[in-house]
Amino acid sequence: MQLKKTLGITILLAIVCIVTALISDSFLSGYNVENLIRRTALFGIISIGVAFVIVTGGIDLSVGSVICLVGCGLPWLLTTHHWPLPLALVAVAGVSAGIGLLHGLIITKLRIQPFIVTLCGLLLYRGIARGFTDDQTVGFGAEFKGLRTLATGQIELPFIHGFALPAPCIFLLTVAVLGAVFLNRTIYGRYLLALGRSEEAARYSGINTGRMTVLAYVISSTLAGFGGVLFVLDVNSAQPVDFGNFYELYAIAAAVLGGCSLRGGEGTITGVIVGSALIQVLRNMITLTTKHHNMEFAIIGAVILVGVIADELMKRYGVRRRAAQALLAETKRT
Amino acid sequence: MEHPLLEAKALVKIFPGVRALKGVSMTLRSGEVLAVIGENGAGKSTLMKILAGVQQPDSGGIFIEGKLARIDSVQHALSQRIALIHQELNLADNLDVAANIFLGREKLRFGLIDKARQRREARPLLAAVGLDVDPAVLVSTLSIGQQQMVEIAKALSVNARVLIMDEPTSSLSSHESENLFKVIRDLRSRGVSIVYISHRLGEVRALADRVTVLRDGANAGELSRDEITHDAMVKLMVGRDLSQFYPHEVHESGAAVLEVEGLRTPAHPAQQLSFSVCAGEIVGVAGLVGAGRTELLTTLFGVTPAIGGSIQIAGRSVTPVSPLQAIAAGLALVPEDRKKQGVVLEMAVRDNLSLASLRRDQRHGMIDRRQAAELSGEMIAALKIKTPDGRQPVQFLSGGNQQKVVLGKWLALRPRVLLLDEPTRGIDIGAKQEIYKLMEELAGKGVAILFVSSEMEEILGMSDRVLVMHEGRITGELVRGELTEESVMHLATGSTLAAA
């Protein structure tokens, strides 16, 4: 079931790529592909984070603002306050994880809906970033070149010319492998999937559902923070007013396109990465092949809607077919 | 010959994984009380929902005065003057009595609700059901019995000629029940036909003109007024003599495994519960809906932690504040709501079976996949779970097989005390008996079993001892020799044995 879903979205990705390549010569240029992969990697990391929350049946709307907070906070600490690099990194990591912990505790202990908690987070963290930066652009200037290669660096591949693998790929790969092992092979991943389907049944089975839910929010905001660091290293500077704006929606959309159900309990890491790639390719296609850049959101919105509807219809058909089969088997026995 | 008022012919209703009705017929004559009885899962509720337009049959037909009628919505049924009173009352308790009676059919004046008129018109209806309350009071301030009367008044407001009542006494006190019977007899004398569904055979004997018995989604038989006896009904319901149906043997019970002293549950904090269950003993918990039976089990299991008292398991004191702690102490709970609390419906049989034992079998946090696969294979074989394979999502299994998955999940952990809440609700007779056999087998191995049931036959048939609860209290304890439907009902409705 999950495998079929991932396969479906991968085929869709391939079709969009082929169509775009046919219309636009520059789509397959080394520079464009590098860029696409880099962006896919960056968005893929934050999407995987959100996917963990979605698997529990929750939602995290604060991702974009956490990216803003971290993306502005890191250069601010380093260049304005001259903090040593390790300390600054520890600080932003701690803040990111702390935000997730706070969300998780409010959601599980006070039983306030994740939508509201993280919506307030969305307003709060960007507001804080705009506050401490005085709404001024912060950046690394000409410094921290070495650090920036984490995001901008390239890994030359043997025998291939005119194309090099963007460094964030390595991070995406690491996060994806760790995430996939965690979700599919550890008891905690199984607990997340179970409680996403039925919190009550999971609790009645002796699972500490509260703690697991908190963990999901910590993973989400920590990866958002990590993404925020990479994003700001990639572009060198951040404007608090719009840095990371709407990124939570890209992340949620990628997770949903990749097979996560907002009802919880469903999702694969591979699917999320493919979903993330699909969104980036769509954005790229719009830029390369049309003059209607302003239509970007409309087109992406329409594609996601169609994808989700198609998925729901397929699922209903599948359930009906299986129910009919089960009935047939029962009738045969009696 | 005159046509009967309402006739159902060969109704079939199929749900995913289960055939709820396999061709059921029913005849209702004008001005009679027809009791429809059957065990849990026999198809009574489904039949009633079809008659009232809540669900549509997959085949078969409904005839009203000999004419084929399509009842495809509740509105349609009401327009045919057929009204259903659900077991769980369907009142908006934030609205007043009159507003509830006319809900969906509000009396309007200039497009606005005419409250004064509604209240005026509600009065005679309330009088007809013997309910002496102001139509302007909120439903939430009424007792369950009074709310039931509001439901009946609501049915009368559409001038119902067929009134279907699904277990109307399951949450009523004996006084309230008596009052209900009076109203039912009164309605009958005024020509209203009543379909009465109940588990309480005593009530049926007292009320019914005729009895239709369902078993496993099919007609098992009919009894006319002078044939209605307890034994005749039971025999039709279970399809054989009771002694053969319940595999119960008297157990050599061992030392007390579960000892509860002065336990106070959050639902009934003023009451203190004390009892014990021995190794190898099966103790039933009887009582009306709302007597606090489920709350007792969820408190023992740490879902709703106790606010006082002590629990000892095999001599060790425990106060579970989460299921996790209860499980560690050797408890297991087969919960009341199988689909919500017992299984994760969309998850595979295999993953459901291993869910509770993952923690024990883990390897540094990683799932021991071989162990999990072995375990689910063993359980599927041992409990005879009918599934194509372990990867089948549980939602596609029948109710009985789903329940076996819940049991299997716990058996993997070898609990000392097994708590079961309505273990056979909504499952077919074959699976039911397998579950009884399993309970017997576990008791034979020394597991202490405490089970809650609303089904009288099950309580009488399976218990070594019965605790009867009423309004949060344990009103009495009956050992096997003292067990009769009357003695249990007596305690369940709040009278003490001394008063009897």
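**Nonpolar cores and overall form of the predicted model**

In the largest nonpolar core, which holds 95 residues, the members that touch the most others are Val211(B), Leu258(B), Leu300(B) and Leu450(B). The greatest contribution to this core comes from helix α17 of chain B, spanning residues 429-444, which supplies eight residues. The model in which these cores are described is a predicted one. When neighbours within four places in sequence are set aside, Leu300(B) is in contact with Leu258(B) and Leu450(B), and its partners also include Val260(B), Leu263(B), Phe275(B), Ile311(B), Pro320(B), Ala326(B), Leu331(B) and Leu419(B). A second core, separate from the one described above, comprises 92 residues, among them Val16(A), Val63(A), Val175(A) and Cys260(A). In soluble globular proteins, nonpolar side chains tend to be buried together.

Chain A contains 13 helices and four strands. Its radius of gyration of 21 Å is close to the 20 Å given by the globule rule for 334 residues, and chain A is therefore as compact as a globular protein of that length. The C-alpha trace of chain A extends over about 80 × 55 × 40 Å along its principal axes. Of the 334 residues in chain A, 51% are buried, and among the contacts in this chain with a separation of 6 or more, 77% are between residues 24 or more positions apart.

As to the surface of chain A, the accessible area amounts to about 15500 Å², and carbon and sulfur atoms account for 69% of it. Chain A carries 25 positive and 17 negative charges, the mean positions of which lie 12 Å apart.

Key:
Residues numbered from 1 in each chain as written. Chains lettered and ligands numbered in written order. Predicted model: local features only at pLDDT ≥ 70, side-chain atom pairs only at ≥ 80, totals over all residues. Heavy atoms only, no water. Helix = DSSP H or I, 4+ residues; strand = E, 2+ residues; numbered from the N terminus. Rg over C-alpha atoms; globule rule 2.2 N^0.38 Å. Buried < 20%, exposed > 50% of the residue type's maximum accessible area, 1.4 Å probe, protein only. Contact = heavy atoms within 4.5 Å. Areas by Shrake-Rupley, 256 points an atom, 1.4 Å probe, with all protein chains shown as cover. Lys, Arg positive; Asp, Glu negative; His and termini not counted. Charge placed at Lys NZ, Arg CZ, Asp CG, Glu CD. Core = buried A, V, L, I, M, F, W, Y, C linked by side-chain atoms within 4.5 Å.
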